[in-house]
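Biologist: Please take me through the terms used for this structure, and show how each one is justified.

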Amino acid sequence: MTIILTAILILLSLAIVFGVILGFAAVRFKVEGDPIVEQIDGLLPQTQCGQCGYPGCRPYAEAISNGDAINKCPPGGQSTIEALADLLDREVVPLDAEHGEEKPKTVAYIREDECIGCTKCIQACPVDAILGAAKQMHTVIVSECTGCDLCVEPCPVDCIDMIPVPVTPNNWKWPAPVSDPNLIWTDRGRGHLLQEGTE
Amino acid sequence: MTRIYNFHGGIHPPENKRQSLGAPIRQAPVPARLILPLQQHIGKAATPLVEVGDQVLKGQKIAEPTGHISAAIHAPSSGIISYIGLQPVPHASGLESSCIVIETDGQEQWCERHPIEDYRSIDKKELLKHIRDAGIAGLGGAGFPTDIKLNLGKDHIVNTLIINAAECEPYITADDALMRERPNDILTGVEIIAHLLQPSKILIGIEDNKPNAIKALRDAIRERNLPIELVVVPTRYPSGGEKQLIQLLTGIEVPSGSIPADVGIVCQNVGTAAAIYRAVIHGKPLISRLVTLTGFALGHRQNYEALIGTPFSVLLEAAEVDRSKMFRLVMGGPMMGISIEDDRIPVIKTTNCIIAATLEEMPPAPPAQPCIRCGMCEQVCPASLLPQQLYWFAKGREFEKARHHNLFDCIECGACAYVCPSNIPLVQHYRFAKSEIRNEEAEQQKAAQARERFEARQARLVREELEKEQRRKERAEAAAKEQARKKAEADATPSDTPDPEAELKKLKSAASIARTKLKKAREALKNAEEKGLDGTEKLKETVAQLEEKATAAESAWQQATGTEQSCP
């Protein structure tokens, strides 16, 4: 009988001690906000285009953390879906065609002689990348444009084009190697032959 | 005698250097058109100072550095600026970039030069500015602006200056020729660098396959009795890599992600030292460099002193190229160079070698076969990396893992690909992975910027809405106040002193009314008296009363106007 009582007492006191520790930890190390939303938001391309159906990248990040599908972001494309799947431990799914398709990176360009200065595109731009004032010509700050398309629709004179970002030596990428006879890999072997032949 | 240390790995490819050392340095012809890319160095592209149609003199600055890490560009010959815009440039992509094109006039007329005879007597800042103005960038291959390496500031103490004369890559002999023919230029340049950095030790590292250059330098050092030590290292590729040479000469391994200056070492190429000599002592900016023209498709395989901006085709013609034999054109050496398609591209500050190779010399690479995990690449990697692992990660697009395996410490020397029995183009895989990672980083940075701007905009919209609300409230309050004030005013008006003008008007009208009434009464009285009617007595009374009233009103009005006029 005493053995049982002792056991119960010990377990009870252990439970109380751990309960106090856990309760303290819950208060002391409380995490403000939802860190997973921050992480998801960090993976999204921040074009703020709203193609996912949410008013910006952060709301979509919040929706994903609440269980929404991860394949609604066309600007991010397949690589973003893969990164999200990796982060959230979900299945990799193809991009949902309903929300648009993955397109090459573009940047907005205003045909300035056609612009009537209505400021509608300025109000539509989510990142304030369009410069101008009422009845003044508008122009796009190329380095800040995310290529979200949102300014094209409101323009009453259709003077905004989305043009693909040009490839320059500064943003050019090495292609993945293929079996290309032009690759310089080495002059092994051939050089030996040559030296024997000429010198 | 300094002890020579060792670095991991390395290979012994056939040197093929003798072909281009048979003849002395030759002056390349001045071409009709000089093409000067604005970006010939690491850092930001230079900003043009000239416009199309401008006349420029040889050595005149035509573009100035943009920001801190950048280099100036000078006109290599006199002539007229004919075009500023896109031109093919020496770049792996084969793309076009912004260039300044000069139509030369053949006069070779120099602009005013500012040589510094005694560089020791002037301020170091002045001397550094002079070197920056001369547009000098590392001539060894990377093209890092030299003035930045020489101006490390207080946080770096330089104890060892290493002059890189190793020139380990096959075929290239530009530094070798320079050392043979102009050892004193190099040594004066080294003295200037040493004056700026004040190192406690100066070492020149040179491979033992250049006996003539070693002799020339050794004699010059002895003759001038300089505190410079010439260290001869065994020939092994890539001993001329900056970190590898430092390890060979000092035994110090520069940590991953650090620069040599972090361990108190500065490394400069011999060509750069000679360029500093010309800039300081002769006031000549960097407008020409030595280029090795070699390969069996050329008639004259030798080193040329070419103006920066000379198109490759002009040099190839000068070297009597046999285009029917030329199978491929390579810029740089056979290990780290790149195949180029277009020979209109110009020589830039980092162009050290052009190889016009025949089919026998550089046949097409055999097809890549599967990796057999032999581990030979690991044994030769001079950066002590795991090339095989990096290959798998790059191929599988696991870039994060590749980065954790120090992909960015890879110097792309090509030793791993050289020994690979399966002929896998390993370096190409690493370049691909590196540019993918860099691109991803750039995109992430852009996303962060976009997020910041988006959030700033949201905050601004909320603030504007609040401000609007605030203003609306303020306006409503102000309107209510105004109304209250008006009402109060209206109430207060009668009790206050009357308006004198209105009062005057009233008096006037009262007087005239009284007058009219009196007139009418008098007429009525006259009428009654004439007709002999009753009540004349009463009428008389009324008239008298009215007369009294009219006089009173008249006098009151007269008085009022009188006071008005007398005291306005």
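The following exchange concerns a predicted model and considers a sheet and then the nonpolar cores.

Biologist: What makes strand 9 and strand 12 of chain B a pair?

Modeller: Two strands pair if there are at least two bridges between them. Five bridges join strand 9 (residues 160–165) to strand 12 of chain B, so the criterion of at least two bridges is met. These two strands run parallel, and in strand 12 the bridge partner of B:Asn164 is B:Asn269.

Biologist: Why are strand 11 and strand 12 of chain B called edge strands?

Modeller: The open sheet has four strands in the order 11-10-9-12 in chain B, with parallel pairing. Strand 11 (228–233) and strand 12 (265–269) each pair on one side only. Neighbouring strands of this sheet are turned by 25 degrees against each other on average, direction ignored.

Biologist: Which helix lies across strand 10 and strand 11 of chain B?

Modeller: Helix 5 (residues 211–224) of chain B does, running at about 165 degrees to strand 11.

Biologist: How do you know that the largest nonpolar core lies between domain 1 and domain 2 of chain B?

Modeller: Domain 1 (18–358) and domain 2 (376–436) both give residues to this core, so it lies between them. The core has 138 residues, of which B:Ile276, B:Val291, B:Leu315 and B:Ala356 touch the most other members. Its largest share, eight residues, comes from helix 7 (residues 270–281) of chain B.

Biologist: What does B:Ile276 touch, leaving aside residues up to four places away in sequence?

Modeller: Its contacts include B:Ile131, B:Ile136 and B:Ile192. Apart from this core lies another, of 17 residues, among them A:Ala108 and A:Cys121.

How values were computed:
Residues are numbered from 1 along each chain as its sequence is written. Chains are lettered from A and ligands numbered from 1 in the order in which they are written. This is a predicted model: local features need pLDDT of at least 70, side-chain atom pairs count only at pLDDT 80 or more; totals for chains, interfaces and linings use all residues. Axes are lines fitted to C-alpha atoms, for helices over the stretch in contact, and angles run from 0 to 180 degrees between N-to-C directions. Two residues are in contact if their C-beta atoms, placed from the backbone, lie within 7 Å. A nonpolar core is a set of buried Ala, Val, Leu, Ile, Met, Phe, Trp, Tyr and Cys residues joined through C-beta atoms within 7 Å. A residue is buried if 20 or more other C-beta atoms lie within 10 Å of its own, exposed if 12 or fewer, and partly exposed in between; C-beta atoms are placed from the backbone. Domain bounds come from an automatic or database domain assignment.
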